[in-house]
Amino acid sequence: MSNSSSKQKLNVTIYGQHYAITGNESTDHIRHVASIVDDKMKEINQKNPFLDTNKLAVLTAINIVSDYVKLKERAEMLKKLVEKQLKSEQNDND
């Protein structure tokens, strides 16, 4: 999240529904996030065209959070690798 104290308000359309989003992030960030959600809902709908909107929204949330968890785990793994490399370089320099 941004450290900006000014709230941004933006109207976005996700899967044909209009939402007024208010947040601390830039309008570009809010548009980008809304676009990702919209695209993911459309992608899942193409694979499962008979889902009602509530189920589609839940499946979209599950897919997006799954991607987030995988990225977070990868970032943690990379952080550990970097720390290990830095320790190794420190020991080599001692």
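The exercises below work through a predicted model of one protein chain.

**Exercise 1. Determine which secondary structure elements the protein chain has and in what order they run.**

Step 1. The secondary structure comes to 2 helices and 2 strands.
Step 2. Read from the N terminus on, the order is β-β-α-α.
Step 3. Ranges can be attached to the elements: strand S1 covers 8–14 and helix H1 covers 27–47. Strand S2 takes in residues 17–23, and helix H2 takes in residues 53–93.

**Exercise 2. Compare the protein chain with a compact globule of 94 residues.**

Step 1. For such a globule, the radius of gyration would be near 12 Å.
Step 2. The protein chain has 19 Å instead.
Step 3. The spans of the C-alpha trace along its principal axes are about 60 × 35 × 15 Å.
Step 4. Burial can be set beside these values: 14% of the 94 residues count as buried.
Step 5. Among contacts with a separation of 6 or more, 18% come from residues 24 or more positions apart.

**Exercise 3. Identify the residues of the largest nonpolar core and the element that gives the most to it.**

Step 1. The core has 8 residues in all: Leu10, Val12, Ile14, Ile30, Ala34, Met41, Ile44 and Leu56.
Step 2. Strand S1 and helix H1 are the elements that give two or more residues to this core.
Step 3. H1 gives the most, with 4 residues.

**Exercise 4. Decide whether Thr60 is buried or exposed, and list its contacts beyond four places in sequence.**

Step 1. Thr60 is located in helix H2.
Step 2. The cut-off for buried is under 20% relative accessible area.
Step 3. Thr60 is buried because its relative accessibility is 2%.
Step 4. Leaving out residues up to four places away in sequence, Thr60 touches Val37, Lys40, Met41 and Ile44.
Step 5. Turning to Ile44, and with that exclusion again, its contacts are Leu51, Leu56, Leu59, Thr60 and Asn63.

**Exercise 5. Classify Gln17 by exposure and give its C-alpha separation from Ile44.**

Step 1. Gln17 belongs to strand S2.
Step 2. Partly exposed lies between the limits of under 20% for buried and over 50% for exposed.
Step 3. Gln17 has a relative accessible area of 45%, so Gln17 is partly exposed.
Step 4. Gln17 and Ile44 are 27 residues apart along the chain, and their C-alpha atoms are separated by 16 Å.

**Exercise 6. Describe the surface and the charges of the protein chain.**

Step 1. The exposed area is about 7700 Å², with 53% of it supplied by carbon and sulfur atoms.
Step 2. The side chains include 14 positive and 13 negative ones.
Step 3. The centres of these two sets lie 6 Å apart.

Note on methods
Residues numbered from 1 in each chain as written. Predicted model: local features only at pLDDT ≥ 70, side-chain atom pairs only at ≥ 80, totals over all residues. Heavy atoms only, no water. Buried < 20%, exposed > 50% of the residue type's maximum accessible area, 1.4 Å probe, protein only. Contact = heavy atoms within 4.5 Å. Rg over C-alpha atoms; globule rule 2.2 N^0.38 Å. Areas by Shrake-Rupley, 256 points an atom, 1.4 Å probe, with all protein chains shown as cover. Lys, Arg positive; Asp, Glu negative; His and termini not counted. Charge placed at Lys NZ, Arg CZ, Asp CG, Glu CD. Core = buried A, V, L, I, M, F, W, Y, C linked by side-chain atoms within 4.5 Å.
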